[in-house]
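Colleague: I am new to this model and would like a close look at one part of it. Please take me through how the helices pack, and then through the sites around them.

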Amino acid sequence: MDHPLLQHKLSILRDENTGVKDFREVVSEIATLMCYEATRDLPLEEVEIKTPITTAKFKTIAGKKLAIVPVLRAGLGMVDGILTLIPSAKVGHIGLYRDPDTLEPVEYYCKMPNDIAEREVIILDPMLATGGSASAAIQFIKNYEVKNIKLMNIIAAPEGIQRVHHDHPDVDIYCAALDEKLNDHGYIVPGLGDAGDRIFGTK
């Protein structure tokens with residue numbers, strides 16, 4: 001996404017001098033802006049509404065309801081930004097960590113709304129690096145028989161995009177920036193460092 005507001009806020013996130021409070025707030029703001037684009041294709045239906053002047057037909061969201069699923073822990077930073085626009089969305093959680101040797105994801109927690117199969121799902125994770133965690137998260141959601149899944153990342157690496165497209169060609173990816181590459185430690189370059197550490201003030 002190349003919206004000027006997104007690009008401006010993304011530059012704030014990249015700055016190593018941005019503190020925890022500002023980083024956390026900007027992550028939430030970016031998620032709100034990205035949600036606007038990611039939900040552009042939600043189906044609409046006409047309903048009859050009585051205004052103070054007259055009765056007429058207007059459009060409202062139709063079809064399946066929405067669920068958002070943050071990948072713990074960094075994905076939590078994006079949740080409030082989405083709920084600002086869609087407060088009725090249900091929230092599931094997937095806990096994954098990346099094995100430092102293999103760089104592959106390991107699941108430690110997974111909890112979904114009871115009706116997750118009937119909802120459109122947006123998976124939230126600020127960084128799409130190797131794509132291993134994202135691909136695993138998508139598969140976990142598919143195991144619940146969810147048919148419509150989107151992935152929302154603030155920054156992505158080409159390797160992560162390629163991995164998700166290869167493993168899940170039916171899943172659309174929304175990201176604010178596509179960076180250059182991964183370094184030898186699996187971090188995005190130029191990136192913004194460890195999103196979880198910067199959101200929660202840990203190292």
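**Helix packing and the annotated sites**

Modeller: In this predicted model, L5, L6, K9, L10, I12 and L13 of α1 are in contact with F23, V26, V27, E29, I30, L33 and M34 of α2. By class, this contact of α1 with α2 has 11 nonpolar residues, two charged ones and no polar ones. Helix α1 covers residues 4-14 and helix α2 covers residues 20-38. Their axes are 10 Å apart, and the packing angle is about 155°. Angles over 145 degrees count as roughly antiparallel, and α1 and α2 are therefore roughly antiparallel to each other. The crossing of α1 past α2 is left-handed.

Helix α2 also packs against α3, at an angle of about 50° and with the axes 7 Å apart. This pair is therefore oblique. Here α2 passes α3 in a right-handed crossing. On the α2 side the contact is made by V27, S28, A31, T32, C35 and Y36, and on the α3 side by G77, M78, D80, G81, I82, T84 and L85. Sorted by class, these residues are seven nonpolar, five polar and one charged. V27 of α2 takes part in the contact with α1 and in the contact with α3.

Just before α3 in the chain there is a loop to look at. R73 lies in the loop between β3 (65-72) and α3 (76-85). The peptide bond that joins L72 and R73 is cis, with an omega of about 5°. R73 is also one of the residues under the UniProt annotation "binding site", which comes from an unreviewed entry. That annotation covers R98, D125, P126, M127, L128, A129, T130, G131, G132, S133 and D194 as well. From this set, the lining of the largest pocket includes R73, R98, D125, P126, M127, L128, A129, T130, G131, G132, S133 and D194.

One of these residues, A129, sits in the loop between β8 (127-128) and α4 (132-142). G132, which the UniProt annotation covers, is in α4 and belongs to the contact with α5. In that contact, G132, A134, S135 and I138 of α4 meet R163, V164 and D167 of α5. The residues there are three nonpolar, two polar and two charged. Helix α5 spans residues 158-167, and its axis is 8 Å from that of α4, at an angle of about 25°. That makes α4 roughly parallel to α5. The crossing of α4 past α5 is right-handed.

After α4 comes another loop, between α4 and β9 (149-156), and E145 is found in it. E145 is not a glycine, yet its phi is positive, about 70°.

Further along the chain, UniProt places "binding site", again from an unreviewed entry, at I188, G193, D194 and A195. The lining of the largest pocket takes in I188, G193, D194 and A195. D194 lies in the loop between β12 (188-189) and α6 (195-200), and P190 is found in the loop between β12 and α6 too. The peptide bond from V189 to P190 is cis, with omega near 0°.

How values were computed: Residues are numbered from 1 along each chain as its sequence is written. This is a predicted model: local features need pLDDT of at least 70, side-chain atom pairs count only at pLDDT 80 or more; totals for chains, interfaces and linings use all residues. Side-chain values use heavy atoms; hydrogens and water are left out. Axes are lines fitted to C-alpha atoms, for helices over the stretch in contact, and angles run from 0 to 180 degrees between N-to-C directions. Helices (H or I, at least four residues) and strands (E, at least two) are DSSP runs, numbered from the N terminus. Angles under 35 degrees count as roughly parallel, over 145 as roughly antiparallel, 65 to 115 as roughly perpendicular and the rest as oblique. A crossing is left-handed if the near helix is turned anticlockwise from the far one by less than a right angle, and right-handed if clockwise. Contact means heavy atoms within 4.5 Å. Ala, Val, Leu, Ile, Met, Phe, Trp, Tyr, Cys and Pro count as nonpolar, Asp, Glu, Lys and Arg as charged, and the others, Gly among them, as polar. UniProt positions are given in the numbering used here, feature names are shortened, and annotations may be inferred rather than shown by experiment. On a 1 Å grid over the protein atoms alone, a cavity is a set of points where a 1.4 Å probe fits but cannot get out, and a pocket is an open set with protein on both sides within 12 Å along at least five of seven lines; lining residues have an atom within 4 Å of a point.
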